[in-house]
Amino acid sequence: MQLADRASLRRVSGLSTELTDVTEVEVRRLRLERVVLVGVWTEGSAARSEESLTELARLAETAGSEVLEGLVQRRDRPDPATYVGAGKVRELRDVVASTGADTVICDGELSPGQLRQLEDKLKVKVVDRTALILDIFAQHASSKEGKAQVELAQLQYYLPRLRGWGDKMSRQAGGRAGGAGGGVGTRGPGETKLETDRRRIHKRITKLRKELAAMRTVRETKRGRRAANAVPAVAIAGYTNAGKSSLLNALTRAGVLVENSLFATLDPTTRRARTPDNRDYTLTDTVGFVRHLPHQIVEAFRSTLEEVTGADLLVHVVDGAELAPHDQVSAVRDVLKDIASEHDEAMPPELLVVNKIDAVDATRVAELRRLLPEAVFVSAHSGKGIEGLREIIADRIPRPDVFVDALVPYTRGELVARAHAEGEVIDEDHTAEGTRLRAKVRAELAGALKPFTGTG
């Protein structure tokens, strides 16, 4: 149903916004936004620069645009005035005019001055990589927390980029300056519309931060309850569209939305899973990553990303069909290290999982095994390697470490059930007095079993 709902909101290619008949006032037809991409190659190889622009094209298509053309300029650093040089701006203007594009997307974050200069010279809307990612997040956010996080990130991004034109920049004044309708208390120079908007945004940001702090408390309470019950936590992280949600579904049958697009799911999902030896643990699917993930997104989704630093094991999912998996692995690790360092916490042990091996040939799989020798290779789509992954997760998560030998009366059968669910039962024997249980359990359950061990 989520997929059908999302597809119903897609723009349709080839349709015009102009009405062919003036009577068609109820039926509005949307035209797919036509965009031209432009990037600046400052370091690395040409192949890496092309990969970045290809990823930008996928982001644009995910946002609902039609990519017409892409340009790359080789420079030591972006032009401080117009991002690309004056000659490339003229070339870009010609491309926009010849293709009929209505938007230019830049592969980087533009300063307010660069944004204004480019729009003045190109005469079309200019969007940078950060605004594009924020737009995708706004489309895909569904929960109350997700929507609040996205709105906060957007406001933080747009605050320094507020602009006004014409009468919007006029000052609000009263008395003689503002006309007859001003009145007492409104005389004087007043303030600009821009200043009013900026103050409103600051108030909204403060309110959103308070709301997210309250939601963070709820999330920490749930996480603390799981920790008190000694349930091991496993977090799934990775590059966007690497197959994290598919892997969660394969391991737990969670039924999470799966779509072949970037940032398909934003809201974290936690599901209970069970190891082959019948121990319970939780799996949490987190938001995806991308190269140069906007810092506004990292800040707004901090409570979500903290699920990773609080886990007992990190399952790092890598897309095996990508040409440069190492770059994706580095991008994810950099963001997670920043979050861990800010909270002065150590990162949990990492289990690298290469997904989508059914989409590549045997030669590519062999190459990936050489590049990532510590990784586990699976296909969440076909199920190949999933059972082996379950066994490896069972070996990596914390095990019960307190040995108990107890005679549990039949009236306390719930303790025996907990020993089976939370610990490792070594031996079990049913006698006339009760159940003789030898097991390894956690400290909290060992305390509950102590009156029946013969030593309490």
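The following exchange examines a sheet and a helix pair in a predicted model.

Student: What is the order of the strands in the open sheet of three strands?

Tutor: Strands of a sheet pair through backbone hydrogen bonds, either parallel or antiparallel. In this open sheet the pairing is antiparallel. The edge strands, each pairing on one side only, are β11 (402-408) and β12 (424-430). The order is therefore β11-β13-β12.

Student: Which residue of β13 is the bridge partner of Asp427?

Tutor: Strand β13 covers residues 435-441 and pairs with β12 in the antiparallel sense over six bridges. In β13, the partner of Asp427 is Arg438.

Student: At what angle to β12 does helix α15 run?

Tutor: Helix α15, formed by residues 413-422, lies across β11, β12 and β13. Its direction relative to β12 is given by an angle of about 145 degrees.

Student: How are α3 and α4 oriented to each other: roughly parallel, roughly antiparallel, roughly perpendicular or oblique?

Tutor: Helix α3 (residues 86-99) and helix α4 (residues 112-122) pack with their axes 10 Å apart, at an angle of about 50 degrees. Angles under 35 degrees count as roughly parallel, and those of 65 to 115 as roughly perpendicular. The two helices, α3 and α4, are therefore oblique.

Student: How many nonpolar and how many charged residues does the contact of α3 with α4 have?

Tutor: On α3 the contact is made by Val89, Leu92 and Arg93. On α4 the contributors are Leu118, Lys121 and Leu122. By class, no polar residue takes part, and the contact has four nonpolar and two charged residues.

Definitions and conventions
Residues numbered from 1 in each chain as written. Predicted model: local features only at pLDDT ≥ 70, side-chain atom pairs only at ≥ 80, totals over all residues. Heavy atoms only, no water. Pairing = 2+ DSSP bridges. Helix = DSSP H or I, 4+ residues; strand = E, 2+ residues; numbered from the N terminus. Contact = heavy atoms within 4.5 Å. Axes fitted to C-alpha atoms, helices over the stretch in contact; angles between N-to-C directions. Parallel < 35°, antiparallel > 145°, perpendicular 65-115°, else oblique. Nonpolar A, V, L, I, M, F, W, Y, C, P; charged D, E, K, R; others polar.
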